[in-house]
Amino acid sequence: RAGRTCRWSRNGPTACRSPCRRSPYSLRRGWRRTDRQCPGHHRHQSQPARHDCAGRLPRRSLLSPQRDPHRRAAAARPARRHPAAGAAAAAAGGATGTRVPSGLISGDTSAGARATNASILQTLFASPGKVTLPAGDFCCDPFTISATVRVEGQGGNWGIGSTFATTVPATLAAGGVANTILRFTSTTNNFITITANAVEFGGGIHFEGAANATAGAAIRVGNGPAVPADRVVIRNTTFRGFFTGIDIISSAGYTIADNNFLGQRGYGLRISNESNVDYGDPSIYGNTFNATYAAPAAIYIKGGGGAKIYGNKINWASLTLTDFATYCWRKGIHVDNPTGATSVLVITGNSIENIDQQGIFVDCSTTGSYSNIVVSGNEFFNIGNRAGESTIEVSGRSGTLLHCVTVGNNVFHATRTVKMTYVESGGLF
């Protein structure tokens, strides 16, 4: 009210000579009437002289620190002496920051070195955060990732060269960047088991497994129906050797992208989810699957629906190999009699070449059923000629038809036929 002290004057507390009322001028200037503010505040502000001199000072911006006492006070505060707790943890490499393991033994495949490396990594991956592995060739025993972590290594994916199948490069040819190699010597066990959600392999790690493996995988995702590991991301990683590159036991919403698979004795990527056949919805794209042995399939699906498989390359490793029956995948993508009913399989934009039997085989001739299948926009070369198989085959069985199956707009060269049996409500074009 008039006569009371105004706390908002730029020139300090003065007597407010104007009644507290809202004026059109105050609304134009953006003033708001509150219980702490004098609506007539602008009337007792000192104003610059009104003249047309070229050098006169402009009025201060409404948001300038000089006009806003709160901003002016904040600007006058001294800087904090101590960083926030999160920043301190990150700077110290704590559980929420980037951690680099120490004590890993490189270039040693002895039992002691394997146990030491596995113990260090098992402890490191038991708490969440980002982990950067150093360059080196680390041979390990099996271990488990039990916390949500993002793992990165040094270097990048290996290229495909004439000696790729027989030589492990210590550095990349381009730039000589040192690699992170995780080596596993067992021919039957799983190397890494993931039991936590949202684990991510972000690239620069090369898995080197036994060339004569008869079981096991480089990475096993989930540990049965009671221990799923959802939303796992594995990208920009190389898998050489092993029986299986990645084995999806129980997972949903996962992503397998931009990886290199080479020389697996069984499968590049195996998807089971057998305990819940309709559990899955993965995205599988941008991967390269190169065979150096007569392995069953590049991508093998036993259970799990909703798969989107696009933009992958499936081939053999080198055109210098002459024994086609010995060095190529038996099947490109194989859906093998799931244990129950599921739906949605989209296979599009892939390049599938030099396959001994079917390029794509959806087989429900014995058990299970599939619906909503799309196979389109793929390129096929030299498929099934030696074994006399079809390029694409989709098969149900008597009494169990496969519904809504569409096969079309694919490109075929030096291949055989498309075969569809016990299929309804679909199309071939």
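Two residues are in contact when heavy atoms of one lie within 4.5 Å of the other's. By that rule, threonine 187 touches Ala210, Asn212, Ala213, Thr214 and Ala215, leaving aside residues up to four places away in sequence. One of these pairs shows how the chain returns to a place: threonine 187 and threonine 214 are separated by 27 residues in sequence, yet their C-alpha atoms are 5.8 Å apart in space. Threonine 187 sits in the loop that links strand S8 (180–183) to strand S9 (192–194). Its relative accessible area is 27%, so threonine 187 is partly exposed.

The model is a predicted one. For the protein chain, the mean pLDDT is 79, and 70% of the residues reach 70 or more. In residues 51–55 the pLDDT falls below 50, and this stretch has 1 contact in the model beyond near neighbours in sequence. Residues 159–176 also have pLDDT below 50, but here the model shows 32 contacts beyond near neighbours in sequence.

Next, the chain as a whole. The protein chain contains 4 helices and 35 strands. Of its 429 residues, 46% are buried. Among contacts with a separation of 6 or more, 70% join residues that are 24 or more positions apart.

Many of the strands can be followed through one sheet. This sheet is open and has 10 strands, in the order S5-S8-S11-S14-S17-S20-S23-S26-S29-S32, with parallel pairing. At its edges are S5 and strand S32 (411–413), each of which pairs on one side only. On average, neighbouring strands of the sheet are turned by 15° against each other, direction ignored. One step in this order can be seen in detail: S8 and strand S11 (residues 205–208) run parallel and are joined by 4 bridges. Across this pairing, isoleucine 181 stands opposite histidine 206 in S11.

Helix H4 covers residues 111–124. At 1.5 Å a residue, its 14 residues should span 20 Å, and the end C-alpha atoms are indeed 20 Å apart, so the two values agree. Which residues of H4 are buried? They are Ala113, Asn117, Ala118, Leu121 and Leu124. These residues cover an arc of only 130° around the axis, and therefore lie on the same side of H4. An α-helix has 3.6 residues a turn, so residues three or four places apart point the same way. The buried residues of H4 pack against strand S3 (98–99), strand S4 (129–132), strand S5 (136–139), strand S6 (143–145) and S8. Two of these partners, S5 and S8, also appear in the order of the open sheet.

Two asparagines remain to be described. Most residues other than glycine have a negative phi. Asparagine 372 has a positive phi, near 60°, and is not a glycine. It is placed in strand S28 (residues 369–376). With a relative accessibility of 36%, asparagine 372 counts as partly exposed, because that class lies between the buried limit of 20% and the exposed limit of 50%. Asparagine 382 likewise has a positive phi, about 55°. Asparagine 382 belongs to strand S29 (residues 379–383), and S29 is one of the strands in the open sheet.

Conventions: Residues are numbered from 1 along each chain as its sequence is written. This is a predicted model: local features need pLDDT of at least 70, side-chain atom pairs count only at pLDDT 80 or more; totals for chains, interfaces and linings use all residues. Side-chain values use heavy atoms; hydrogens and water are left out. pLDDT is the predictor's confidence in each residue, from 0 to 100. Buried means under 20% relative accessible area, exposed over 50%, partly exposed in between (1.4 Å probe, protein chains only). The expected span of a helix is 1.5 Å times one less than its number of residues. The arc is that of the directions from the helix axis to the C-beta atoms. Two strands pair if DSSP finds at least two bridges between them. Axes are lines fitted to C-alpha atoms, for helices over the stretch in contact, and angles run from 0 to 180 degrees between N-to-C directions.
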